[in-house]
Amino acid sequence: MKVTIESSKLVKPFYGSIPTPPMDTIPTSVFDKMAWNMHVAVLYAYHPPTPSNAAIELGLGNVLAEYRQMAGRLTTNDAGEIVIVRNDAGVRFIEAIADQNLDKSFSFMPHEPAVHSLHPELHGVEEIAQVQITRFSCGSMVLCFSSHHMVQDAYSSSIFLAAWGKACRNLEISPLPFQNRDIFRPRDPPVFEFDHKGVEFMPKSMIPPHGYYVDDRLKEIRAEKFLFTADFISKIKTKASSFNNTRHFSTFESLYAHLWRTVTKARRLDGSVSTRVRIPVDCRNRLKNPKVPNGFFGNMILWAYAKAKVHELLHEPIGYAAKLLHEAVVSIDENYIKSFIDFAHYEAKSEDLVPNTVVEAEKMILYPDIDAGSWLRLPFHDLDFGSGAPFTFSPCFSPIEGDTYLLPSFVDDGSIEIYISLFNEDMKVFKNVVYSLE
């Protein structure tokens, strides 16, 4: 497949009759600083008929008038802090054409070379957000959206995209983005109830030299997609929740208990090895005082860690793994969040610590651990530009060994898609065990 770039320009906020606001600066919050310093991209595919590029561009200009930071730039202030400059510099908008039809055989998996041509460059990007629209010979359209993770997490990204669709359809954008980071002020006096050093923060001495994580095994990493039917999910949840008859575990807890065990089997790890699941926890509804306003736009993710020895994980029932995952998630409560905010403002600065994402920025192999990403409750599917919802949606990512995502299936029958990246040899074994409940 050949993709030809026809145009590339910057789309700026369109204020209409409203005076252009003056340029200002938004500080990044303690949560923003914990995010990965990188662009994250998603792909949408639409059957014809689709709105014109001009209509989509106009909607983008309109929504940027409300989400000014997306058209701004990240920079460092005199104090060395990363800030968002709302200067209306614009979003990169790329128009392209493909020389073939978009048929059912097309794979949107990240290791496929054709997929790389459908999204803009994700490294060394000046813009906070980028868009590439690729038109296929059959009239289908693929839209890729990428944005800098330090400006927004997955939830905020999904809200922005849904608002963009509303702008294209001349609908009211609600809720409007709330961008005041002052709600994350530390307590006076601060209370360090938990130890965040070695968890969210690391000594600067642990930052590896550039290229430290280069490994010959990187070329052996393969990403695959699996489908769990509603019936199979129900069986996993029933089996997990039968553990000691203590509680009903959530879909997330049950599925990741299953995936944690099956990935561990596929890797053929020694029983004495410790393995972890790293879980992103959305703190929006966990912080009660002050309450996070509806429409807050930015990052609000902390990581929870479930840990186990391999022999315990595989010899105990699946409910044991689900229990470990549940306990890890609920440990990120309001007290923990406030302790993190206090630590970030005081201890992390006084000890000159850096976020763990800085230390692990180039890490591409998580073995023997896994990352548990879930987009099950995010409204990514709601990006309707005026001709209906997309027929498929996919994250774009460089395959990181041990990285996983859960997404609701577009079949809309309760099934769930699982994206997972493993070494080739482990993936072969994983395919043989992933649908087994033994």
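Here is a short walk through the model, one selection at a time.

**Before you click**

This is a predicted model, where local features need pLDDT of at least 70, side-chain atom pairs count only at pLDDT 80 or more, and totals for chains, interfaces and linings use all residues. Residues are numbered from 1 along each chain as its sequence is written, and side-chain values use heavy atoms, with hydrogens and water left out.

**Stop 1: the whole protein**

Show everything as a cartoon. You should find 12 helices and 17 strands; helices (H or I, at least four residues) and strands (E, at least two) are DSSP runs, numbered from the N terminus. The C-alpha atoms fill a box of roughly 65 × 60 × 40 Å along the principal axes. A compact globule with 438 residues would have a radius of gyration near 22 Å, and the protein agrees, with 22 Å. That radius is taken over C-alpha atoms, and the globule rule is 2.2 Å times the number of residues to the power 0.38. Of the 438 residues, 53% count as buried, meaning under 20% relative accessible area (1.4 Å probe, protein chains only; exposed is over 50%, partly exposed in between).

**Stop 2: strand S8**

Now select residues 141-148, strand S8. Is this strand buried or exposed? Here 8 of the 8 residues are buried, so S8 is largely enclosed by the rest of the structure. Turn on the side chains: Met141, Leu143, Phe145 and Ser147 are buried on one side, and Val142, Cys144, Ser146 and His148 are buried on the other. In a regular strand the side chains alternate between the two faces of the sheet.

Add S3 (residues 39-46), which runs antiparallel to S8 and is joined to it by 8 bridges. Strands count as paired if DSSP finds at least two bridges between them. Zoom in on Leu43, and you'll see Cys144 of S8 opposite.

Then add S7 (residues 129-135), antiparallel to S8 over 7 bridges. Arg135 has Met141 as its bridge partner in S8. S7 and S8 make a hairpin with 5 residues between them, and Gly139 in the turn has a positive phi of about 100°.

**Stop 3: an open sheet**

Next, pick out the antiparallel open sheet of 3 strands, in the order S2-S5-S4. S2 (24-27) and S4 (73-76) are at the edges with a single partner strand each, so one side of each has no neighbour in the sheet. S4 is joined to S5 (residues 82-86) by 4 bridges; look for Arg73 opposite Val85 in S5.

**Stop 4: the second largest pocket**

Select Thr28, Ser29, Lys33, Glu81 and Lys349, which lie nearest the centre of the second largest pocket, out of 31 lining residues. Its volume is about 790 Å³. On a 1 Å grid over the protein atoms alone, a pocket is an open set of points with protein on both sides within 12 Å along at least five of seven lines, a cavity is a set where a 1.4 Å probe fits but cannot get out, and lining residues have an atom within 4 Å of a point. Points are joined across faces, edges and corners, and a volume is the space filled by probe spheres set on them.

Which element gives the most to this lining? That is S13, with 3 residues.

**Stop 5: the cavity**

A search of the whole structure finds 1 cavity of 30 Å³ or more. The largest cavity has a volume of about 80 Å³, and among its lining residues are Arg276, Tyr305, Glu360 and Asp371.
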